[in-house]
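Me: I have a model open in my viewer and would like to talk it through with you. Could we start with the overall picture and then turn to the aromatic rings?

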Amino acid sequence: MKTTASYLRVIGITIIAFFLFEYIAGTDEEFAFISQPIVGAIIAVVVIISISAEICFEAFKTILFKTLSPEARGKYLASEALKKENQFKWIKELYQQSLGSRPIEEEHEIILDHNYDGIQELDNNLPPWWVYGFYATIVFALIYMVRYHVFDGANQANEYEYEIAKAKIAIEEYKKTAKNLMDVNTVELLTNASDLKSGKTIFMEKCVACHKADGGGGIGPNLTDPNWILGGGIKNVFRTISEGGRPSKGMVAWKTELKPLEMAQVASYVLSLQGTTPVDPKEAQGDIWEKPLPKN
């Protein structure tokens, strides 16, 4: 490849192929050509085909050029030179217009009547890009003043508080579906058979030594009667399992060994034992717990 256009075409095709496959197969976590090597291979094939096509096109132009007569060759070379000269002419013209300066041939028309040891001063205007930029800052300042100082628009502190409140709501919504992020404030009674089965498995492994397999109580209290030492209901039972019982005499805290979901499962299983009849029930301890009435 010998021309700038050839390189630009290959680069353009590569970029298009990359973004196309990224849109189709990419994810937020990883680029498509990393997560799926086949995508990288396809992009490489597209690049190779593009380069090969450009090389073949250049070779064809060379062969065709050799078949031309000397006069035709001269005309072709002259047209190519003119095309190359004018290729970025519009950029140069736009740049000169943005400067707002006069050509050196016309500087004699704007020389000021100042002469300091042969040094003369030109009466050039400010560059248009600078003037328009200055006007833009004035417009921005007026809009800003009206928006925030006349109509009391939300400032950064208000926006920060709004984003924090929105984030808290999003976290609470996420906690409702992320079971292992539940805590004593968000835990709810689980009634699904699979959850109760998992809770029973944990109970048989961790709790039978103190509460017996049927929940009748041994070292620990009876879990089948309506009396509770630290309160009944899913939240209180979850808290007791997580944080432990009474200091120096209650059960240990299980939060370091059990995940929140596991504690919710075993708490729900314990509550499912309410009203059952154990073989050798321990006498009731604590107070009868009644579910608090909902607040109006």
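Me: Happy to have you along! How many helices and strands does the protein have?
Reply: Keep in mind that this is a predicted model. Its secondary structure comes to 11 helices and 4 strands.

Me: What radius of gyration does the protein have, next to that of a compact globule of 296 residues?
Reply: Let's start with the spans: along the principal axes, the C-alpha trace covers about 115 × 65 × 40 Å. A compact globule of 296 residues would have a radius of gyration near 19 Å, but the value for the protein is 40 Å.

Me: What share of the 296 residues is buried?
Reply: A residue counts as buried when its relative accessible area is under 20%. The accessible surface of the protein is about 22200 Å², with 63% of that belonging to carbon and sulfur atoms. Of the 296 residues, the buried share is 20%.

Me: How far apart are the mean positions of the positive and negative charges?
Reply: The protein carries 30 positive and 37 negative charges. Taking the mean position of each set, the separation is 9 Å.

Me: On to the rings! Is the pair of Trp-130 and Phe-134 stacked or edge-to-face?
Reply: The structure holds 6 aromatic pairs, so there is some choice here. For Trp-130 and Phe-134, the centres are 5.6 Å apart and the planes make an angle of 10°. Planes under 30 degrees apart meet the cut-off, so this pair is stacked.

Me: Where do Trp-130 and Phe-134 lie, and are they buried or exposed?
Reply: Both belong to helix α6 (residues 128–150), 4 residues apart, about one turn of the helix. Trp-130 has a relative accessible area of 41%, and Phe-134 has 42%. Since values between 20% and 50% fall in the middle class, Trp-130 and Phe-134 are partly exposed.

Me: What kind of aromatic pair do Tyr-144 and Tyr-148 form?
Reply: These two also sit 4 residues apart in helix α6, about one helical turn. Relative accessibility is 41% for Tyr-144 and 29% for Tyr-148, so each counts as partly exposed. The ring centres are 4.7 Å apart with 45° between the planes, and the pair is tilted.

Me: Which residues form one aromatic cluster?
Reply: We have already met two of the members as a stacked pair, Trp-130 and Phe-134. With one further residue, Tyr-135, the cluster is Trp-130, Phe-134 and Tyr-135.

Definitions and conventions:
Residues are numbered from 1 along each chain as its sequence is written. This is a predicted model: local features need pLDDT of at least 70, side-chain atom pairs count only at pLDDT 80 or more; totals for chains, interfaces and linings use all residues. Side-chain values use heavy atoms; hydrogens and water are left out. The radius of gyration is taken over C-alpha atoms; the globule rule is 2.2 Å times the number of residues to the power 0.38. Buried means under 20% relative accessible area, exposed over 50%, partly exposed in between (1.4 Å probe, protein chains only). Accessible areas come from the Shrake-Rupley method with a 1.4 Å probe; for residues, only the protein chains shown count as cover. Lys and Arg count as positive and Asp and Glu as negative; His and the chain ends are not counted. The place of a charge is taken as NZ of Lys, CZ of Arg, CG of Asp or CD of Glu. Rings of Phe, Tyr and Trp (its six-membered ring) pair if their centres lie within 6.5 Å; planes under 30 degrees apart count as stacked, over 60 as edge-to-face and the rest as tilted.
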